[in-house]
Amino acid sequence: MAECILIDGKARADALRASVAAEVARLKANHGLQPGLAVVLVGEDPASQIYVRSKGEQSLAAGMHSVTHRLPADTSQDDLIALIETLNRDDAIHGVLIQLPLPAHLDSGAILQRLDPAKDVDGLTLINAGRLASGLDALTACTPLGCLILLREALGDLTGRNAVVLGRSILVGRPVAALLLADNCTVTIGHSRSRDLPALCRQADILVAAVGRPEMVRGDWIKPGAAVIDVGINRVPFRDPAQAALGRTKVVGDVAFKEARQVAGWLTPVPGGVGPMTVACLLQNTVTAARRLAGLA
């Protein structure tokens, strides 16, 4: 069997960001339009702080108008909704992203539905999720969109391929399954109640793992030559007892990387695979939203 090809998400994300920056410059020059992104962070979650900082830096680097609203962890539901409604009315803002997870006292579902679907650049409102499920144009969740871009670049036409998606979350599993179905794949969603997940996975020409369980997918779960997209980002202790005793951790995916690399035809590493694509796709979605709101084709 041919050697496994590692899918370089960082290089693809760099190219996408460059394309977005060029489009932002063109919109400014030709239409006086500067796409604007607002990110809302509630609380002090360390991982969310890193993600939000990255989103702000990358949107500014692409030439966009960028605003970050940092709210205290005890922000009330009414106050958060009031901010969202203000952003909905702000003509300088074309994309709004509510950084998840929100503190436990806030109803994430109810809050997300107050967001204008035309500015929902993470594709989480019922309108955008419903349009995607119906096969209509929609602003699509950024991580699933990044997965599809990587798969298309690696495999070309996806028509007729058997795809298995592990995970049924509204953030990744369901939207990535809808995108693959729209690209004419035969799609199966595996989850915690599925029978014999290893056998299910072995049927997959395309396997997308998004379950949040470190290295759950073993090498013998993978069909030889399959394309494996690992969405998982899990922080685990080092196996080396000395390193673990110092509290040091490393990031691994949902797929046992070394085992998978012996079997798969294509594989995304963690880190450096799907992760970089998420923010790049957020920028692309913001440009798309800006064009639509401005009435441009």
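Visitor: In what order do the 6 strands of the open sheet stand, and is the pairing parallel or antiparallel?

Guide: Start with the general idea. Strands of a sheet pair through backbone hydrogen bonds, either parallel or antiparallel. Now the case here, in a predicted model. The order is β1-β11-β8-β7-β5-β6, and the pairing is parallel.

Visitor: Which strands stand at the edges?

Guide: β1 (5–6) and β6 (186–190) do. Each has a single partner strand, so one side of each is left without a neighbour in the sheet.

Visitor: Take β8 inside that order. How many bridges join β7 to β8?

Guide: There are 4 bridges between β7 (residues 206–209) and β8, which run parallel. For register, look at I206, which stands opposite A227 in β8. Then turn to β11. Strand β8 (residues 227–230) and strand β11 (residues 266–267) also run parallel, joined by 2 bridges. There, A227 stands opposite W266.

Visitor: Are the faces of β8 covered or open?

Guide: Both are covered. A227 and I229 are buried on one side, V228 and D230 on the other.

Visitor: What joins strand β2 to β4?

Guide: 4 bridges do, and β2 (residues 36–42) runs parallel to β4. A38 stands opposite V96 in β4. V96 is buried, and so is I98 on that side of β4 (residues 95–98). G95 and L97 are buried on the other side.

Visitor: Now a helix. How should I read burial along one?

Guide: Think in turns. An α-helix has 3.6 residues a turn, so residues three or four places apart point the same way. Try α3 (residues 77–89), which has 13 residues. Its first and last C-alpha atoms are 19 Å apart, close to the 18 Å expected.

Visitor: Which residues of α3 are buried?

Guide: L80, I81, L83, I84, L87 and N88 are. Seen down the axis of α3, the buried residues fall within an arc of 155°, so they line one face of the helix. The face turned away from the buried side carries the exposed residues D78, D79 and R89.

Visitor: What covers the buried residues of α3?

Guide: The cover includes β2, β3 (65–71), β4 and α4 (108–112).

Visitor: Next, one residue pair. Where is R152, and where is D183?

Guide: R152 sits in helix α6. D183 is in the loop between α7 (173–182) and β6. They are 31 residues apart along the chain, with 9.5 Å between their C-alpha atoms.

Visitor: What does R152 touch beyond four places away in sequence?

Guide: L158 and D183. D183, with the sequence neighbours again left out, touches L148, R152, L158 and T159.

Visitor: Is D183 buried or exposed?

Guide: Read the relative accessibility against the cut-off. Buried means under 20%. D183 has 15%, so it counts as buried. R152, at 43%, is partly exposed.

Visitor: Finally, the pocket. What is the volume of the largest pocket?

Guide: About 1,400 Å³. Its lining has 49 residues. Y51, T143, I233, G275 and T278 lie nearest the centre.

Visitor: Which element gives the most to the lining of the largest pocket?

Guide: α2 does, with 9 residues. The elements that each supply at least two residues are α1 (9–31), α2 (46–61), β4, α6 (142–155), β9 (234–237) and α11 (275–293). Two of those names came up earlier: β4 pairs with β2, and α6 holds R152.

Key
Residues are numbered from 1 along each chain as its sequence is written. This is a predicted model: local features need pLDDT of at least 70, side-chain atom pairs count only at pLDDT 80 or more; totals for chains, interfaces and linings use all residues. Side-chain values use heavy atoms; hydrogens and water are left out. Buried means under 20% relative accessible area, exposed over 50%, partly exposed in between (1.4 Å probe, protein chains only). Two strands pair if DSSP finds at least two bridges between them. The expected span of a helix is 1.5 Å times one less than its number of residues. The arc is that of the directions from the helix axis to the C-beta atoms. Contact means heavy atoms within 4.5 Å. On a 1 Å grid over the protein atoms alone, a cavity is a set of points where a 1.4 Å probe fits but cannot get out, and a pocket is an open set with protein on both sides within 12 Å along at least five of seven lines; lining residues have an atom within 4 Å of a point. Grid points are joined across faces, edges and corners, and a volume is the space filled by probe spheres set on the points.
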